[in-house]
Every structure is written in C-alpha cells, then in structure tokens.
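Biologist: I have not looked at this one before. Can you take me through it?
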Amino acid sequence: MALIGGFAGGIILNEVIAVMSHVLYGGDEDGLKGLKYLPVITSVWCAAILMIWRPRPAFKR
C-alpha cells in the first residue's frame, strides 16, 4: 500500500511542480529533467519509511 500511495502522491507532486514551473517561468522547463522519476522515488521512500516506522508486534513468551 505504501508503494501505491507513494506512487500516486509522486504523480500528483510531479504534476503540481510541472504546472507551477510552467506558470512561474513561462515554459522554461530545462531544470526539471529528473522530475519524471519523482513518482518512483516517492514510492520507494514511502515504503522505506513504512518499514522503519511500522509498529513491531509484541512477542509473547
């Protein structure tokens, strides 16, 4: 679920950044070459954060 949520969030963030740069800079998008990898990076980041912060089950002895 973290991969799917991170990918969807990355797509939304990607589009927001692209639209805002187009509005602010008038279509000069030369500095945004790595933006196409943002959904993949955010999905991996969200999955890693979930694995680190997920509550561990208590062991019963």
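Modeller: What follows goes from the whole chain down to single residues, and the model is a predicted one.

Biologist: How many helices and strands does the protein have?
Modeller: The secondary structure comes to two helices and zero strands.

Biologist: And what radius of gyration does the protein have, set against a compact globule of 61 residues?
Modeller: The protein has 17 Å, whereas a compact globule of 61 residues would have a value near 10 Å. Along the principal axes, the C-alpha atoms fill a box of roughly 65 × 15 × 15 Å.

Biologist: What percentage of the residues count as buried?
Modeller: Of the 61 residues, 18% count as buried. The protein exposes about 5300 Å², and carbon and sulfur atoms supply 72% of that area.

Biologist: Changing topic, how many positive and negative side chains are there?
Modeller: There are 6 positive and 4 negative side chains. The centres of the two sets lie 33 Å apart.

Biologist: Back to the helices. Does the length of helix α1 agree or disagree with what its residues should span?
Modeller: It agrees. Helix α1 covers residues 2-25, and at 1.5 Å a residue those 24 residues should span 34 Å; the end C-alpha atoms are 33 Å apart.

Biologist: What follows α1?
Modeller: G26 follows α1, and its phi is positive, near 70°.

Biologist: Which residues of α1 are buried?
Modeller: They are A2, G6, G10, N14 and S21.

Biologist: What do those buried residues of α1 pack against?
Modeller: They pack against α2, which is residues 38-53.

Biologist: Some of those numbers are four places apart in sequence, such as A2, G6, G10 and N14. Why would residues spaced like that point the same way?
Modeller: An α-helix has 3.6 residues a turn, so residues three or four places apart point the same way.

Biologist: Let's take one of them. Why is G6 called buried?
Modeller: G6 has a relative accessible area of 3%, so it is buried, the cut-off being under 20%.

Biologist: Which residues is G6 in contact with, leaving aside neighbours within four places in sequence?
Modeller: P39, T42, S43 and C46. In addition, the C-alpha atoms of G6 and W45 are 7.5 Å apart, though the two residues are 39 apart in sequence.

Biologist: You named S43. Where is S43 placed, and is it buried or exposed?
Modeller: S43 is in helix α2. It counts as buried, because its relative accessibility is 7%.

Biologist: What does S43 touch?
Modeller: Not counting residues up to four places away in sequence, S43 touches A2, L3, G6 and F7.

Biologist: And T42, what does that one touch?
Modeller: T42 is in helix α2 as well, and it is buried, with a relative accessible area of 15%. With residues up to four places away in sequence left out, T42 touches G6 and G10.

Biologist: How much of the contact in the protein joins residues at least 24 apart?
Modeller: Taking contacts between residues at least 6 apart in sequence, 66% join residues at least 24 apart.

Biologist: Now the start of the chain. Is M1 buried or exposed?
Modeller: M1 counts as exposed, because its relative accessibility is 83%. M1 is found in the segment before α1. From C-alpha to C-alpha, M1 and V44 are 11 Å apart in space, with their positions 43 residues apart in sequence.

Biologist: One more. What about E15, buried, exposed or partly exposed?
Modeller: E15 lies in helix α1 and is partly exposed, with a relative accessible area of 46%. E15 and K36 are 21 residues apart in sequence and 9.7 Å apart in space, C-alpha to C-alpha.

Conventions: Residues are numbered from 1 along each chain as its sequence is written. This is a predicted model: local features need pLDDT of at least 70, side-chain atom pairs count only at pLDDT 80 or more; totals for chains, interfaces and linings use all residues. Side-chain values use heavy atoms; hydrogens and water are left out. The radius of gyration is taken over C-alpha atoms; the globule rule is 2.2 Å times the number of residues to the power 0.38. Buried means under 20% relative accessible area, exposed over 50%, partly exposed in between (1.4 Å probe, protein chains only). Contact means heavy atoms within 4.5 Å. Accessible areas come from the Shrake-Rupley method with a 1.4 Å probe; for residues, only the protein chains shown count as cover. Lys and Arg count as positive and Asp and Glu as negative; His and the chain ends are not counted. The place of a charge is taken as NZ of Lys, CZ of Arg, CG of Asp or CD of Glu. The expected span of a helix is 1.5 Å times one less than its number of residues.
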